[in-house]
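Please open the structure in your viewer and keep the sequence panel beside it, since the tour moves from the whole chain to single side chains. At each stop you will be told what to select and what is to be found there.

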Amino acid sequence: MNLKTIFKRLILLDLLLIILLVVSVFFESEEVADFNKYFESEFSDSLLIIFGILMLIYLINLFLLYKFKSIGKQMYLIVFVLGIILSLIAGVFAVDPWLYVIDRLGWSVSGAILVLLYFSPIKKEFEK
């Protein structure tokens, strides 16, 4: 199979996982919601706004990667690192098991995209 096709399918899979992640938040179990309300901090609203802005930038970045725009390659790494930092400062929260699996699959796909971006012949597509 063509490497460009694999790369584009990974981007589409990442987009699908993001959509599933957003939709699954609305089906959170009552126990998880109670736990999260108990550990809610005063920074929760601010972090939610920052997370929303980062998610919008991430979606735009996926489009740029899909179209092989050179700015997308550098932007993806920056957004990835900012996502890690945001995850670290978000604090304690609980999720349902299936939401956890979707999230971990998303991180795995992001890692695969990074590997393809920097360590495969696909990186030459972004130099055009």
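Colour the chain by secondary structure and follow it from the N terminus, where the elements run α-α-α-α-α, so that with five helices the protein has zero strands to look for. What you have on screen is a predicted model, and every value in this tour is computed from it. Turn the C-alpha trace along its principal axes, and it spans about 50 × 25 × 20 Å.

Before selecting single residues, show the surface of the whole protein, whose accessible area comes to about 8,600 Å², with 71% of that area belonging to carbon and sulfur atoms. Of the 128 residues in the protein, 32% count as buried. If you draw the contacts between residues at least 6 apart in sequence, 81% of them join residues that are at least 24 apart. Colouring by charge is also worthwhile, for the mean positions of the 11 positive and 12 negative charges are 24 Å apart.

**The nonpolar core**

Next, hide the surface and select F7, L65, Y76, I113 and L117, which are the members that touch the most other members of the largest nonpolar core, a set of 24 residues. The elements that give two or more residues to this core are α1 (3-25), α3 (44-66), α4 (70-89) and α5 (97-119). In soluble globular proteins, nonpolar side chains tend to be buried together.

Centre the view on F7, whose place is in helix α1. Is F7 buried or exposed? Its relative accessibility is 0%, and F7 therefore counts as buried, the limit being under 20%. Leaving aside residues up to four places away in sequence, F7 touches L65, F68, I113, L116, L117, I122 and F126. Measure from F7 to one of these, L116, and you will find the two C-alpha atoms 7.3 Å apart in space, although the residues are 109 apart in sequence.

Now move the selection to I113, which, with residues up to four places away in sequence again left out, touches F7, L10, I11, D14, L65 and Y76.

From the contact list of F7, pick out F68, which is found in the loop between α3 and α4. Which feature of the backbone should you look for at F68? Phi of F68 is near 60°, a positive value in a residue other than glycine. The side of F68 that meets solvent is limited to a relative accessibility of 13%, and F68 counts as buried.

**The segment after α5**

Continue to S120, which lies in the segment after α5 and, at 9% relative accessibility, counts as buried. Apart from residues up to four places away in sequence, S120 touches L3 and V115. Step on to P121, also in the segment after α5, and the picture changes, for P121 is exposed, with a relative accessible area of 56%. P121 and L3 are 118 residues apart in sequence, yet their C-alpha atoms are 8.2 Å apart in space.

**The salt bridges**

How many salt bridges should you expect to display? The count comes to two. For one of them, select K4 and E125, whose side chains meet with 3.6 Å from N to O. This pair links distant parts of the chain, since K4 is in helix α1 and E125 in the segment after α5, 121 residues apart. K4 is partly exposed, with a relative accessible area of 32%.

For the other, select D103 and R104, where the closest N and O atoms are 3.0 Å apart. D103 counts as partly exposed at 22% relative accessibility, and R104 likewise counts as partly exposed, at 37%. Side chains of opposite charge can pair when their charged atoms come close.

**A last stop at F39**

Finish by selecting F39 in the loop between α2 (30-38) and α3. At 40% relative accessibility, F39 counts as partly exposed. Add A112 to the selection and measure between the C-alpha atoms: F39 and A112 are 33 Å apart in space and 73 residues apart in sequence.

Methods
Residues are numbered from 1 along each chain as its sequence is written. This is a predicted model: local features need pLDDT of at least 70, side-chain atom pairs count only at pLDDT 80 or more; totals for chains, interfaces and linings use all residues. Side-chain values use heavy atoms; hydrogens and water are left out. A nonpolar core is a set of buried Ala, Val, Leu, Ile, Met, Phe, Trp, Tyr and Cys residues joined through side-chain atoms within 4.5 Å. Buried means under 20% relative accessible area, exposed over 50%, partly exposed in between (1.4 Å probe, protein chains only). Helices (H or I, at least four residues) and strands (E, at least two) are DSSP runs, numbered from the N terminus. Contact means heavy atoms within 4.5 Å. A salt bridge is a side-chain nitrogen of Lys or Arg within 4 Å of a carboxyl oxygen of Asp or Glu. Accessible areas come from the Shrake-Rupley method with a 1.4 Å probe; for residues, only the protein chains shown count as cover. Lys and Arg count as positive and Asp and Glu as negative; His and the chain ends are not counted. The place of a charge is taken as NZ of Lys, CZ of Arg, CG of Asp or CD of Glu.
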